[in-house]
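Visitor: Please take me through this structure closely, one part at a time. Begin with a single loop residue and what surrounds it, then work outwards.

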Amino acid sequence: MESIQLSVVHRLPQSYRWLSGFTGVKVEPLPFNGVDEDNNLIGLKLLSHEGAEAWQVMQQLNLSLQEIQVDCAIVEWEGEPCLFVQRSDESATMCRLKNVGAAIAEPLSAQYPF
C-alpha cells in the first residue's frame, strides 16, 4: 500500500449519476436542477499518478473502501480513472482515504490569502 501514501486525491467539482443502463460502468454529470438522492455520486481523481500507475492506485483505494463496505466503482472519466461513490458516503470515503495515507486536495478559498 506504499503508493497510496504518496497519492493526492481531488474531488471533482460536479455531481454525477450512473448513466441509464450502465450502473457501475458509465457516469454523466447531474443536471444543475436535478436532484436524485438514489443516484447522486461524487467523483475522485488522482493528481499524483498517471497512466497504468493511476489505475493501480485507484484499485487499491477501491479495495480499501470495500473493506469498510462503501460501494464504489472505478470509471474512466475524461481519459483518467476516477473513483465514484454515493454522495451519502462522502464523509466516510474521505475519512478512510485519509486513514490509509492519501492526501486530499482541497480548493483554496479567497478568504485565506497568503
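Guide: Start with the contacts of Ser15. Beyond its neighbours within four places in sequence, Ser15 is in contact with Glu28, Pro29, Leu30, Asn40, Leu41 and Arg87. Keep in mind that this is a predicted model. Ser15 sits in the loop between E1 and E2. Is Ser15 buried or exposed? Its relative accessibility is 19%. Buried means under 20%, so Ser15 counts as buried.

Move on to Tyr16. Tyr16 belongs to strand E2, residues 16-18. A search of the whole structure finds three aromatic pairs. In one of them, Tyr16 meets Phe84 edge-to-face. The ring centres are 5.3 Å apart, and the planes stand at 75 degrees. Phe84 lies in strand E6, residues 80-86, so this pair ties together parts that are 68 residues apart in sequence. Both Tyr16 and Phe84 are buried. Ring pairs also link Tyr16, Trp18, Trp77 and Phe84 into a cluster.

Another ring has a charge for company. Lys26 lies over the face of Phe22, 4.7 Å from the ring centre.

Now follow E6 to its partner. Strand E5 covers residues 72-77 and runs antiparallel to E6. How many bridges join the two strands? Six. Across the pair, Val75 of the one strand stands opposite Cys82 in E6. E5 and E6 form a hairpin with two residues between the strands. There, Glu78 takes a positive phi near 55 degrees.

A second positive phi comes after a helix. Gln69 follows H2, and its phi is near 60 degrees. H2 itself has 17 residues. From first C-alpha to last, H2 reaches 25 Å, close to the 24 Å expected at 1.5 Å a residue. Which residues of H2 are buried? They are Ala54, Val57, Met58, Leu61, Asn62, Ser64 and Leu65. Seen down the helix axis, these buried residues fall within an arc of 160 degrees, so they line one face of H2. The other side of H2 has Ala52, Gln56 and Glu67, which are exposed.

Pick one residue from the buried face: Leu61. Leu61 lies in H2, which spans residues 51-67. Its relative accessible area is 0%, so Leu61 is buried. What does Leu61 touch, not counting residues up to four places away in sequence? The list is Ile4, Val9, Leu46, Leu83 and Leu97. Leu61 and Thr93 are 32 residues apart in sequence, while their C-alpha atoms are 9.6 Å apart in space.

Leu46 leads to the last stop. Leu46 touches Leu61, and Leu46 is also in contact with Ser7. Ser7 lies in the loop between helix H1 (2-5) and strand E1 (8-11). With 1% relative accessibility, Ser7 counts as buried. Its other contacts, again leaving aside neighbours within four places in sequence, are Ser48, His49, Val57, Ala102 and Ala103. Val57 is one of the buried residues of H2, so the contact of Ser7 with Val57 leads back to the buried face of that helix.

To recap the two loop serines: Ser15 is buried at 19% relative accessibility, and Ser7 is buried at 1%.

Terms used: Residues numbered from 1 in each chain as written. Predicted model: local features only at pLDDT ≥ 70, side-chain atom pairs only at ≥ 80, totals over all residues. Heavy atoms only, no water. Helix = DSSP H or I, 4+ residues; strand = E, 2+ residues; numbered from the N terminus. Buried < 20%, exposed > 50% of the residue type's maximum accessible area, 1.4 Å probe, protein only. Contact = heavy atoms within 4.5 Å. Phe/Tyr/Trp six-rings, centres within 6.5 Å; stacked < 30°, edge-to-face > 60°. Lys NZ or Arg CZ within 6 Å of the ring centre and 35° of its normal. Pairing = 2+ DSSP bridges. Expected span 1.5 Å × (residues − 1). Arc of directions from axis to C-beta.
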